[in-house]
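Here is a friendly briefing to read alongside the structure. Keep the viewer open and follow the topics one by one.

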Amino acid sequence: MRQSTVAQTPVPAAPGLVDMTRSVLAMSRHLRNQRRLFAIVLATVWLSLLLSITTALLSVAAASALAASGARSAGHLLVALLAGVLAVGLVAWFEQWFAHVLAYRVIDTIRLRIHRAIARLAPLGLARRRSGETVSAAMADAESLEWFYAHTAAQVLAGVLAALTVSGLSLAWLGPWALVIPAAQALVVLVPVLLLPRAARQGTMLRAALAELSAHALSARASARETLLLGRLPEVSRQASAQTRRVQSARRALALRTGLEQALIEAASVALVILALILAADLSSRGQFQPDLVPVVVTLAGVSLLPATAITGAMSRLGETAAAAQRVDALIRAPGIRPVAPPASAASYGRPGPDDDASGPQRDPAGAAQKSQAPQDHLGAHGLGSVQVRDLRVRYPDVDRPVLDGVHLDVEAGQMVAVVGPSGIGKTTLALSLARLIAQEKGQILIDGVDTGAEAPERTRERLVLVGQHPHVFKASVRDNLLAPDAPEEGIWRALEAARLADHVRALPQGLDTVLAERGAAWSGGERQRLGLARGLLRDPSVLVLDEPTAGLDTRTEAEFLEALIHGRPSRTTIIITHRRAVMRACDAVVLLHDGGTRSVSEALWASSCGQAVVGAQ
Ligand SMILES: Nc1ncnc2c1ncn2[C@@H]1O[C@H](COP(=O)(O)OP(=O)(O)OP(=O)(O)O)[C@@H](O)[C@H]1O
């Protein structure tokens with residue numbers, strides 16, 4: 001049989017009762033700020049259960065009184081019954097109101113944390129998770145948790161409290177005979193407890209199947225072109241139906257179990273009512289019980305199971321909730337890269353040490369010296385822009401060997417430096433570290449002498465902007481796609497000119513207000529790349545890091561772009577990751593990132609391009 005090309009995520013082992021409780025409690029830690037609202041929901045649910053039971057009993061008592069002695073003597077009971085009905089309605093309304101407020105807050109908190117986790121994991125490629133799984137966690141799992149914490153957990157606790165209250169009051173009123181009530185309640189709750197391992201298995205299967213379905217849908221959308229080109233459409237459709245069948249079969253198993261639970265609970269309820277009727281009738285025939293109380297006792301037997309039914313309803317979803325809680329908690333707590341310990345004094349890193357020059361540029365090109373002495377009004381909005389990297393080590397999680405180790409780099413303010421090196425050596429990783437998208441395990445990165453590790457990443461990103469290899473295009477206007485809502489019109493056009501995109505935008509039907517297709521489907525790779533460049537230029541940072549910015553440009557456009565980059569703002573520091581000779585030639589220095597210690601670049605291929613030798617290596 002042929003193997004599928006799409007890897008299936010293995011279904012995790014179903015959690016036991018202890019694991020389930022641990023997952024649910026772990027998740028509730030993220031929701032601590034909602035404790036007060038949870039207490040209000042708990043109180044309203046408890047009150048609602050007790051009021052329902054009391055009203056049911058009142059209605060039986062009122063009916064008995066009406067039958068026995070007419071409306072006059074039953075008047076006060078009828079008034080109490082009316083008040084009870086109104087109170088039940090009012091409390092139910094409050095309960096729904098507060099539960100929904102809690103639900104919105106719970107889902108908000110969980111989604112916010114998931115989005116933060118995704119943002120943290122994005123530079124690690126979501127730490128090997130499939131995009132669809134994270135989408136599923138953010139949507140389906142978050143909703144399952146919202147349902148549990150806002151509409152179920154309070155019901156369980158209130159059910160337990162109400163069951164204890166009813167049992168206590170019945171014991172006080174009816175004596176030891178009333179022990180049958182807690183016994184029946186325990187029996188009803190026992191059904192889902194016994195079926196809990198099965199519920200856990202089914203919940204885990206269903207959550208995994210739903211995540212797989214969502215991952216498959218996203219992956220099919222992303223690979224649609226390759227699928228068509230390589231004739232894989234039937235295979236992808238087969239996979240989609242297999243995933244759908246898996247979800248349906250998980251749902252069917254779950255529905256069968258909950259159906260069984262319901263049937264057993266119904267049977268237990270009917271059995272309790274019959275038992276109460278037989279007992280009460282027997283006792284009253286022997287003169288040990290008032291005959292007119294028989295209907296009240298029978299009704300009490302029936303309604304006393306209301307709290308237990310609320311508990312079982314929640315427990316039957318515990319397996320699914322625990323599975324969702326486990327997945328979301330694992331995502332929220334997924335490890336990023338271990339950050340370096342904050343320095344004792346950030347300023348002390350600002351002074352270059354005696355050896356600093358050894359790893360820095362071998363010569364200071366005249367152009368660069370000129371640029372670094374540019375007048376103040378040419379400086380970036382956030383400073384001069386010198387960059388120093390000291391003994392940098394970066395390691396991806398679950399990878400033994402660091403990608404970068406012992407990397408040194410000195411870029412003077414206003415320099416334009418090319419970073420070159422073999423594919424996979426860590427150039428993009430270096431760029432991600434500079435932009436604080438991943439934290440280093442060791443070493444420092446200084447901008448204008450300030451250790452970036454000692455400041456908020458947002459502060460670093462005000463001074464240093466990274467333009468990645470594949471800029472994302474939103475389904476929004478060109479203007480909105482520049483992601484700078486406050487930028488003035490002339491600034492936007494300047495950035496578009498510099499990125500060599502202005503003519504293309506002018507030719508669009510609505511110019512800047514033309515709405516682009518999702519992911520820039522109607523734009524070429526080079527146009528999308530230039531849009532990314534325009535975004536970076538528009539921010540006017542003192543340091544601009546470009547990851548292969550000209551990879552999608554033709555030779556002429558590349559030359560124009562480099563010209564604009566050099567003369568557009570001469571004081572800006574620019575670090576360009578590149579494999580292109582034309583870019584290297586335009587730079588003041590070339591830094592070779594390689595794996596074998598220091599080696600003069602002048603001996604390597606790049607020497608012929610620009611005759612400069614700067615080495616930053618492991
Ligand atoms: N999230 C990640 N988890 C584990 N390893 C990763 C991750 N991202 C990148 N790597 C590995 O780190 C190494 C450096 O990757 P990087 O993208 O920095 O290389 P590069 O020099 O920019 O390559 P290229 O020139 O091909 O773009 C590669 O071996 C890559 O497989």
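The points below cover confidence, the ligand, a buried helix, the nonpolar cores and a sheet.

This is a predicted model, with an ipTM of 0.97 and a pTM of 0.65. The protein chain has an average pLDDT of 77, and 83% of its residues score at least 70. Two stretches where the score stays under 50 are listed first, so that you can find them in the viewer.

**Where confidence is low**
- Residues 1-6 keep a pLDDT under 50, and the model gives this stretch 4 contacts beyond four places in sequence.
- Residues 339-382 also stay under 50; for them the model has 71 contacts beyond four places in sequence.

**Around the ligand**
- The ligand is surrounded by 13 residues, and the closest are Y396, S423, K427, T428 and T429.
- Sorted by class, this shell holds 5 nonpolar, 7 polar and 1 charged residues.

**Helix α15**
- Helix α15 spans residues 427-434, and K427, T428 and T429, listed among the residues closest to the ligand, fall in that range.
- Of the 8 residues in α15, 7 are buried, so the helix is largely enclosed by the rest of the structure.
- The buried ones are K427, T429, L430, A431, L432, S433 and L434.
- R436, just after α15, takes a positive phi of about 60°.

**The nonpolar cores**
- The largest nonpolar core comprises 67 residues; L49, I114, L145, V188 and V328 have the most contacts inside it.
- Helix α2, residues 35-73, gives the most to this core, contributing 9 residues.
- A second core, separate from that one, has 62 residues, including A431, V478, A499 and A589. A431 is also one of the buried residues of α15.
- I114 is in contact with A137, A138, A142, V328, L331 and I332, leaving aside its neighbours within four places in sequence.

**The open sheet**
- Four strands make an open, antiparallel sheet in the order β2-β1-β4-β5.
- The edges are taken by β2 (404-411) and β5 (450-451). Each has a single partner strand, so one side of each is left without a neighbour in the sheet.
- Strand β1, residues 387-394, pairs with β2 in the antiparallel sense over 5 bridges.
- L392 has V407, in β2, as its bridge partner.

Key: Residues are numbered from 1 along each chain as its sequence is written. This is a predicted model: local features need pLDDT of at least 70, side-chain atom pairs count only at pLDDT 80 or more; totals for chains, interfaces and linings use all residues. A residue is buried if 20 or more other C-beta atoms lie within 10 Å of its own, exposed if 12 or fewer, and partly exposed in between; C-beta atoms are placed from the backbone. Helices (H or I, at least four residues) and strands (E, at least two) are DSSP runs, numbered from the N terminus. A residue is near a molecule or strand if its C-beta atom, placed from the backbone, lies within 6 Å of it. Ala, Val, Leu, Ile, Met, Phe, Trp, Tyr, Cys and Pro count as nonpolar, Asp, Glu, Lys and Arg as charged, and the others, Gly among them, as polar. A nonpolar core is a set of buried Ala, Val, Leu, Ile, Met, Phe, Trp, Tyr and Cys residues joined through C-beta atoms within 7 Å. Two residues are in contact if their C-beta atoms, placed from the backbone, lie within 7 Å. pLDDT is the predictor's confidence in each residue, from 0 to 100. Two strands pair if DSSP finds at least two bridges between them.
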